[in-house]
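Reader: I would like a close look at one part of this structure. Please take me through the surroundings of the ligand, then the backbone details in the loops.

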Amino acid sequence: MSAVKKSGTGGASAFMQAEQAARYVLGRTRLRPRVAIVLGSGLGAFADQLSEASAIEYRKIPHFPISTAIGHAGRLVIGKVNGVTVAAMQGRVHFYEGYSLEQVIFPMRVLARLGIRATVLTNAAGGISREYTQGCLVLLRDHINLQGSNPLIGPNDDRFGVRFPDLTQVYWKPYREFAREEAQRLGMQLFEGVYAALSGPSYETPAEIRYLRAIGADLVGMSTVPEVIAAAHLGVRVLGISCVTNMAAGILDQPITTEEVIETGERVKGQFAALLSAIMPRIDADLAASAPQDDLKKLSRAKSAAAKPPRGGRH
Ligand code: HPA
């Protein structure tokens, strides 16, 4: 293997560190989740509902970055929801906290080493689309990375994934369909949109929001995209859900406050939890039906078929 970028906490490669962290977690629970949920600002309460739960503080997990953000508890909870074993992260770390993007994606790498093959990434976001209202939930269809960097910069470690991961299908369409169907069954409104990730920590200016709207963004936030890129690299399927905690800068004639962001998360947490628990069995059943390497095999078959001239075709 080629040289591997060292991460912040010592000499070992990020891969070895992720392996060590995963082993620590596996030693603290008998459950073996294949789905993870990352709970964003004000949305962490969902993990308190898990049954047969083991909660592990991030600070106890080797090499794990510790969240300093408001509304992020900093615990990994492994337990069951609606009959499905899940690993739920109560809080995440952000680029604006001063962590490198490689540190920001470390938990996703640990989750993958734990055996996670699908993840639901949630966040609090500012609503840019005029269709949205404060408190509404939006499925992510795509993203625009405006954080000014990419978490995979540096030598590639092939044990995690390929050098140039494809992002065209990273917001896994079948999972968006599951979410839409379950929302409908629950009588909930669910939008779909494009998330723009900025570094923060300042909120945007009204001019920046006009610019983001012009380039096709419906939502703005300061997280999620590095984890999505890491998930694509690791072959983990993604479902992204934003809670519109506030309308983006300049849309309403009022400032944006962190209190408002957290309060809105609190207000919708019941709805949010109902949707998440309804989706979990759908995702788990999907994973049970496909072996871990299925996606890759399908992809390489499709590629070699495309590369070969059609049989019996023109010469
Ligand atoms: N902008 C950026 N990040 C956010 C916002 C916002 O308006 N609301 C919640 N997270």
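Author: What follows starts at the ligand and then turns to three loops.

The model is predicted. Start with the shell around the ligand. It holds 13 residues. Ala-124, Gly-126, Val-220, Gly-221 and Val-261 come nearest. Three elements give two or more residues each to this shell: strand 5 (118–127), strand 8 (219–221) and strand 9 (237–247). Strand 5 gives the most, with 3 residues. What kinds of residues make up the shell? They divide into 8 nonpolar, 4 polar and 1 charged.

Now move along strand 8 to the loop that links it to helix 6 (225–234). Thr-224 is found in this loop. Thr-224 is not a glycine, yet its phi is positive, about 70°. Is Thr-224 buried or exposed? The cut-off for buried is 20 or more other C-beta atoms within 10 Å. Thr-224 has 25 C-beta neighbours inside 10 Å, so it counts as buried.

Asn-82 also has a positive phi, about 50°, and is not a glycine. Asn-82 is found in the loop between strand 3 (75–81) and strand 4 (84–90). Its count is 16 C-beta neighbours inside 10 Å, so Asn-82 counts as partly exposed.

The last stop is a peptide bond. Gly-200 and Pro-201 are joined in the cis form, with omega about 5°. Where is Pro-201 found? Look in the loop between strand 7 (190–198) and helix 5 (206–214).

Note on methods. Residues numbered from 1 in each chain as written. Predicted model: local features only at pLDDT ≥ 70, side-chain atom pairs only at ≥ 80, totals over all residues. Near = placed C-beta within 6 Å. Helix = DSSP H or I, 4+ residues; strand = E, 2+ residues; numbered from the N terminus. Nonpolar A, V, L, I, M, F, W, Y, C, P; charged D, E, K, R; others polar. Buried ≥ 20, exposed ≤ 12 C-beta atoms within 10 Å, placed from the backbone.
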